[in-house]
Amino acid sequence: MGAITVKGRGYVSAQPDVVTLSFDIGTKARDYAECVDRLTGRTAALRQNLAAAGADCAELKTTNFSVKTAYRYDKSRYHFDGYSASHRMEIELPVDKGMLNRVLGAVAKGHSGAEIRIHFSVKDTEDLRQQALAEAVRVAKLSADSLAQAGGVKLGRIRSIAHGWDEIRLSGPSYGVVCDSVSDAKVDIDPKDVSISEDVTVVYEIEE
């Protein structure tokens, strides 16, 4: 019995309902302890800023922390130049323009010196993924029907369906903000929809 193998890709999108704020704090000092103390102070300032804006600081989590030896290159040699420290943290908030402006304003007026990255997404990505899978199967069926009609054969039952796990694609809008420039200004961000795509390979039997 013959077979037809087709691929289908399903796309679905939804309005973002959560926003992730990533904060990057960095500092540099000649002395190790001083470098770490400065970074700790800026981190504490950021937490105070977020609390003042009404955010739950317990949700602020570290994603990267490092203290490195710094060098400068001069006269064909590397010279010790102290230490550099960095701390990246993230907090997830509901999509609320008022809250976002309060947080950005508070951080900009604070003393953390944090740079902010804003990323929009959806809370229930699994629901979107299931919708994309269903759409991918539907698209594959349309392709199989077209091939069968063009080939003058009759499409039979499904023999197998393979899901391309490595080909899941989830994308949401991201924005960078320099806080010093927004301390007295409102940020008017209207994020585009979050989209996800899934691929499937379907094998149909050809009826005799």
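Me: Is Ser22 buried or exposed?
Reply: The model is predicted: local features need pLDDT of at least 70, side-chain atom pairs count only at pLDDT 80 or more, and totals for chains, interfaces and linings use all residues. Residues are numbered from 1 along each chain as its sequence is written, and side-chain values use heavy atoms, without hydrogens or water. Buried means under 20% relative accessible area, exposed means over 50%, and partly exposed lies in between (1.4 Å probe, protein chains only). Ser22 has a relative accessibility of 11%, so this residue counts as buried.

Me: Which strand holds Ser22?
Reply: Strands are DSSP runs of E with at least two residues, helices are runs of H or I with at least four, and both are numbered from the N terminus. Ser22 falls within residues 18–29, which form strand S2.

Me: With which side chain does the side chain of Ser22 make a polar contact?
Reply: Contact means heavy atoms within 4.5 Å. Beyond four places in sequence, the contacts of Ser22 include Met89, Glu115, Ile116 and Arg117. A polar contact is stricter: N or O atoms within 3.5 Å, where within protein one must be able to donate a hydrogen and the other to accept it, and residues adjacent in sequence count only if both atoms are side-chain atoms. At 3.3 Å, the partner is Glu90.

Me: Which element supplies the largest share of the largest nonpolar core?
Reply: A nonpolar core is a set of buried Ala, Val, Leu, Ile, Met, Phe, Trp, Tyr and Cys residues joined through side-chain atoms within 4.5 Å. The largest one has 28 residues, and Leu21, Phe23, Leu50, Val103 and Ile118 touch the most other members. Strands S2, S4 (77–94) and S5 (115–121) and helices H1 (32–52) and H2 (97–109) each give at least two residues. The largest share, 6 residues, comes from H2.

Me: How many residues are in the second, separate core?
Reply: In soluble globular proteins, nonpolar side chains tend to be buried together. Leu50 touches Phe23, Ala55, Cys57, Leu60, Val103 and Val107, leaving out residues up to four places away in sequence. The second core is separate and includes Val6, Ala136, Ala148 and Ile206; its size is 12 residues.

Me: How many disulfides does the structure contain?
Reply: Cys35 is buried at 0% relative accessible area, and Cys57 is buried at 18%. A disulfide needs a pair of cysteine sulfur atoms within 2.5 Å. By that rule, the count is 0.

Me: Is the pair of Phe80 and Tyr83 stacked or edge-to-face?
Reply: Rings of Phe, Tyr and Trp (its six-membered ring) pair if their centres lie within 6.5 Å; planes under 30 degrees apart are stacked, over 60 edge-to-face, and the rest tilted. The structure holds 4 such pairs. The centres of the Phe80 and Tyr83 rings are 5.5 Å apart and their planes stand at 75°, so this pair is edge-to-face.

Me: Which residues do ring pairs link into a cluster?
Reply: Phe80 is partly exposed at 32% relative accessible area. Tyr83 is partly exposed too, at 21%. Ring pairs put both in a cluster whose members are Tyr32, Tyr71, Phe80 and Tyr83.

Me: How many residues apart in sequence are the parts tied together by Arg9 and Asp199?
Reply: A salt bridge is a side-chain nitrogen of Lys or Arg within 4 Å of a carboxyl oxygen of Asp or Glu, and the whole structure has 15. Arg9 and Asp199 meet in one of them, 2.6 Å from N to O. Arg9 lies in strand S1 (residues 3–14) and Asp199 in strand S9 (residues 194–207), so the separation of the parts is 190 residues.

Me: Which strands hold Asp24 and Arg88?
Reply: Asp24 and Arg88 form a salt bridge, with the closest N and O atoms 2.6 Å apart. The pair ties together parts 64 residues apart in sequence, since the strands are S2 for Asp24 and, for Arg88, S4.

Me: Is Glu205 buried or exposed?
Reply: Arg157 and Glu205 meet in a salt bridge of 3.1 Å, N to O. Arg157 sits in strand S6 (residues 154–163) and Glu205 in strand S9, 48 residues apart. Arg157 is exposed at 55%. At 12% relative accessibility, Glu205 is buried.

Me: Which residues do salt bridges that share partners join into one network?
Reply: Arg72 lies in strand S3 (residues 61–74) and is partly exposed at 40%. Its contacts beyond four places in sequence are Arg77, Tyr78, His79 and Asp81. Shared salt-bridge partners make a network of Lys28, Arg30, Arg72, Asp74 and Asp81.
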